[in-house]
Amino acid sequence: MGYDSTLFYGTYEYYAKYRPNVPEEAVQIIVEQFDIKPVDRILDIGCGTCQMAIAMDGKCNEMVCLDSDLEMLKQAKKEMERMNLKQKIILVNCYAEDLMKRKNGLGIFKLATICRAFHWMDQNKVLTDLDSLISEDGGIAIISDGSFWTGEEEWQHAVKKVVQKYLGEERRAGKGIFKESPEPWENIISRSAFSVVESKEIEIVRTWTVESIIGWLFSSSFASPKYFGNRIKTFKKDINETLLSINPGGIFNEHDYFNLILASRPRK
């Protein structure tokens, strides 16, 4: 799927505040798998508000965080200044598909991470381009987790129905409709230079409130605030009433999986 620049318009503050952190266990797996050291450089593609850089703080020397949405990067900068991270963070406004145009300025990395963003990219092109940006002993880590749209909890089904009531049956994505990848990402990656592919799954339990559920929805490409116009207050009221009818206490658990695809080149 090619990237639509309108996908996350108006979501930025919600994205920074309500998107769940990358679990420490996932970070440890990545660090151990690729032998990441404090002197290494990491490229994070489709960085959003830098959740990956925040999770990797102190694990490497420098992270170059790339995103095509300038407003998202402005929000990321605010987060970086607020958190005072140990490692050097460089924010680059660039499409994932334009890596080669920036090659000379980017340099070589031990690792490239793509967290919750691989589905928006021209995957074959990005993988091809990364071959010349990743050191011989390095690799790539594709990271993803669930969505309220596909979640299996009772409250997630109820939330999805409310979203559909306002925005239609199909899952929106910017100017278009979201389409799933026609084949597993592992298959796509295995045809690239990074053909040694390993998948890992981390079971996680998250606790949500009505506020954080609405915040997450407003951080998403399918329920961005811009879609609701003057109905946004009515939508929030509807979500609130729906959730409290399921649990008047206003606390909701989610069982999910954090998925890692770790890939490197064959050993020579």
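Start by selecting the buried residues of helix H9: in this predicted model, they pack against helix H1 (12–18), H7, strand S8 (196–209), H10 and strand S9 (251–264). To highlight them, pick Val210, Ser212, Ile213, Ile214, Gly215, Trp216, Leu217 and Phe218. Helix H9 itself covers residues 210–218, and eight of its nine residues are buried, so it is largely enclosed by the rest of the structure.

**Two helices side by side**

Two of those neighbours deserve a view of their own. Select helix H7 (residues 154–167) and helix H10 (residues 232–246), whose axes come within 10 Å. How do H7 and H10 run relative to each other? Their axes cross at roughly 155 degrees, and an angle over 145 counts as roughly antiparallel, so H7 and H10 are roughly antiparallel to each other. The crossing of H7 past H10 is right-handed.

Now show the side chains at this contact. From H7, select Glu154, Trp155, Ala158, Val159, Val162, Val163, Lys165 and Tyr166; from H10, select Thr234, Phe235, Asp238, Ile239, Thr242, Leu243 and Ile246. If you colour this contact of H7 with H10 by residue class, you will get ten nonpolar, two polar and three charged residues.

**A long jump to strand S5**

Keep Thr242 selected and add Gly138: their C-alpha atoms are 47 Å apart in space, and the two residues are 104 apart in sequence. Gly138 is found in strand S5. At 4% relative accessibility, Gly138 counts as buried. Leaving aside residues up to four places away in sequence, Gly138 touches Phe34, Lys110 and Ser264.

One of those contacts, Lys110, leads to the next stop. Select Lys110 with Asp137: the two form a salt bridge, with the closest N and O atoms 4.0 Å apart. Asp137 lies in strand S5 (residues 134–144) and Lys110 in strand S4 (residues 109–115), so the pair ties together parts that are 27 residues apart in sequence. Is each partner buried or exposed? Asp137 counts as exposed at 54% relative accessibility, whereas Lys110 counts as buried at 9%.

**More charged pairs**

Side chains of opposite charge can pair when their charged atoms come close. This structure holds 20 salt bridges, and a few more are worth a visit.

- Select Glu24 and Lys59, which form a salt bridge with the closest N and O atoms 3.9 Å apart. Glu24 sits in helix H2 (residues 24–33) and Lys59 in the loop between helix H3 (51–55) and strand S2 (62–67), so this pair ties together parts that are 35 residues apart in sequence. Glu24 counts as partly exposed at 43% relative accessibility, and Lys59 counts as partly exposed at 21%.
- Select Lys37 and Asp35, another salt bridge, with the closest N and O atoms 2.3 Å apart. Lys37 is partly exposed, with a relative accessible area of 37%, and Asp35 counts as partly exposed at 43%.
- Select Arg116, Asp145, Arg206, Glu254 and Asp256 together, since a network of salt bridges links them.

For another acidic side chain, move to Asp129 in helix H6 (residues 123–130). With a relative accessible area of 7%, Asp129 is buried. Show Glu97, Leu99 and Met100 as well: Asp129 touches these, not counting residues up to four places away in sequence.

**Backbone curiosities**

Most residues other than glycine have a negative phi, and most peptide bonds are trans. Two loop residues are good places to check the backbone.

First, select Cys50 in the loop between strand S1 (41–45) and H3. Cys50 has a positive phi of about 70 degrees although it is not a glycine. At 0% relative accessibility, Cys50 counts as buried.

Then go to Asn84, in the loop between helix H4 (70–83) and strand S3 (88–93). Its phi is also positive, at about 55 degrees, although Asn84 is not a glycine. Is Asn84 buried or exposed? Asn84 is exposed, with a relative accessible area of 64%.

Technical notes. Residues are numbered from 1 along each chain as its sequence is written. This is a predicted model: local features need pLDDT of at least 70, side-chain atom pairs count only at pLDDT 80 or more; totals for chains, interfaces and linings use all residues. Side-chain values use heavy atoms; hydrogens and water are left out. A salt bridge is a side-chain nitrogen of Lys or Arg within 4 Å of a carboxyl oxygen of Asp or Glu. Helices (H or I, at least four residues) and strands (E, at least two) are DSSP runs, numbered from the N terminus. Buried means under 20% relative accessible area, exposed over 50%, partly exposed in between (1.4 Å probe, protein chains only). Axes are lines fitted to C-alpha atoms, for helices over the stretch in contact, and angles run from 0 to 180 degrees between N-to-C directions. Angles under 35 degrees count as roughly parallel, over 145 as roughly antiparallel, 65 to 115 as roughly perpendicular and the rest as oblique. A crossing is left-handed if the near helix is turned anticlockwise from the far one by less than a right angle, and right-handed if clockwise. Contact means heavy atoms within 4.5 Å. Ala, Val, Leu, Ile, Met, Phe, Trp, Tyr, Cys and Pro count as nonpolar, Asp, Glu, Lys and Arg as charged, and the others, Gly among them, as polar.
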